[in-house]
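Student: Could we go through this model together, so that I can see how each label is earned from the values behind it?

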Amino acid sequence: MLGFLVRLLPFWIREPLIILVGTVFGVRILFMALVDGEGWVPAVIGAVFLLGAALRVRVVVHALRARHRRAPATEAELEPVTPEPVIPAPVTPAVRRPVEKKPNAFAQASFAIGLFAVIGGALWIEGKLPEDGTAATGASRPAACRLDEDEELPSAYRSTPGVVTGADLCRALNRTELPELLGTPAERSVYASGTDNTAPLTDRKVAQPEARVEFETYTVELSATYNKLTVAQYAKLTTYGDGRDARKLTVLGRPALLTSDHMMKIQFDLGSGEGASGPVEQGPLARTLTVAFDGKDRGGSYDLTVWSESGLLPDDSALVDIAEAVLPRITRGARDQD
């Protein structure tokens with residue numbers, strides 16, 4: 001339908017309009033591919049748009065040259081013509097023909113400009129609308145959660161009442177307001193995943209789903225451990241180690257504990273020659289907020305961990321705000337209820 005309407009426009013309106021639209025779309029798509037890192041497919045599409053606009057420019061240039069070209073007069077046209085006697089023709093009654101209305105160039109140009117404005121406005125509004133159809137808040141869309149949906153859940157998940165999965169945790173954690181809670185509102189998540197793990201040293205009998213969301217500055221990890229260890233017991237264990245950074249508090253009416261520990265760093269040589277395998281090294285410092293499943297602290301907890309490669313950490317209040325925003329939104333998915 002749109003192509004039919006464009007073909008109805010005069011040549012000198014249609015071609016500049018196509019050149020303008022092709023150039024705008026081509027530059028925009030190339031910008032998304034080269035600057036935003038959308039991949040090579042948008043780059044090819046943008047190049048096709050620009051190539052089409054260049055071909056239209058060539059057509060317009062040829063038309064302009066043909067219009068201004070004047071054919072030279074021939075010798076026959078330059079020789080004087082002897083007038084011949086005019087024989088009057090029989091007079092026939094004139095037949096009135098309907099006057100053909102010439103197309104209004106101003107109306108056609110106005111129609112073309114209005115059509116282009118409608119298309120551009122529709123694309124602008126579509127880009128401003130968020131995925132859920134609500135009013136735009138200006139927040140960036142988070143990266144989609146990567147899940148292992150084809151893998152079968154470990155038996156620990158089927159034998160544990162009320163257990164959630166890595167998909168449930170990722171869905172609750174990977175939200176548009178997470179960068180603002182971290183103090184980096186301009187960032188957007190570049191990676192998000194959910195895995196259905198089991199706790200180490202438990203012979204795969206304790207479910208421990210995990211979710212991870214990565215940003216340019218911070219990485220946030222949320223896990224749930226379905227064991228009998230209470231937060232109070234875990235707080236006592238920290239007194240035997242370096243518990244100087246441990247702090248007890250209450251989150252959502254439940255016992256909670258803030259602790260610090262270093263991540264582990266492992267290097268692998270994959271045959272590229274750029275690195276070598278080595279022992280486990282000490283990674284960046286991480287801050288963890290452990291929150292009990294319920295107010296009575298009957299065992300099991302959520303662990304919310306934040307770290308960065310630079311070693312910077314957000315304030316403890318940021319972890320509390322994230323826990324208060326994320327934990328109430330954790331719900332079991334359809335796959336776990338089957």
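The turns below take up a disulfide and then some aromatic pairs in this predicted model.

Student: Why is the link between Cys 145 and Cys 170 called a disulfide?

Tutor: The two sulfur atoms lie 2.0 Å apart, and because a disulfide requires cysteine sulfur atoms within 2.5 Å, the pair qualifies; the structure holds one disulfide. The link is left-handed, with -95 degrees about the S-S bond, and it joins distant parts of the chain, with Cys 145 in the loop between α5 and β1 and Cys 170 in helix α7, 25 residues apart.

Student: What makes Cys 170 count as buried?

Tutor: Its relative accessibility is 0%, and since buried means under 20%, Cys 170 meets that label. Cys 145, at 28%, is partly exposed, because its value falls between the limits of 20% and 50%.

Student: Why is the pair of Tyr 226 and Phe 293 called tilted?

Tutor: Their ring centres are 5.0 Å apart, with 40 degrees between the planes; because centres must lie within 6.5 Å, and planes that are neither under 30 nor over 60 degrees apart count as tilted, the name follows. Tyr 226 and Phe 293 are 67 residues apart in the chain.

Student: What makes the pair of Phe 293 and Tyr 302 edge-to-face?

Tutor: Here the planes stand at 70 degrees, with 4.8 Å from centre to centre, and because edge-to-face needs over 60 degrees, this pair earns that name. Ring pairs thus link Tyr 226, Phe 293 and Tyr 302 into a cluster.

Student: How do you know that Tyr 302 is buried?

Tutor: Its relative accessible area is 11%, which is under the 20% cut-off, so Tyr 302 is buried.

Methods: Residues numbered from 1 in each chain as written. Predicted model: local features only at pLDDT ≥ 70, side-chain atom pairs only at ≥ 80, totals over all residues. Heavy atoms only, no water. Phe/Tyr/Trp six-rings, centres within 6.5 Å; stacked < 30°, edge-to-face > 60°. Helix = DSSP H or I, 4+ residues; strand = E, 2+ residues; numbered from the N terminus. Buried < 20%, exposed > 50% of the residue type's maximum accessible area, 1.4 Å probe, protein only.
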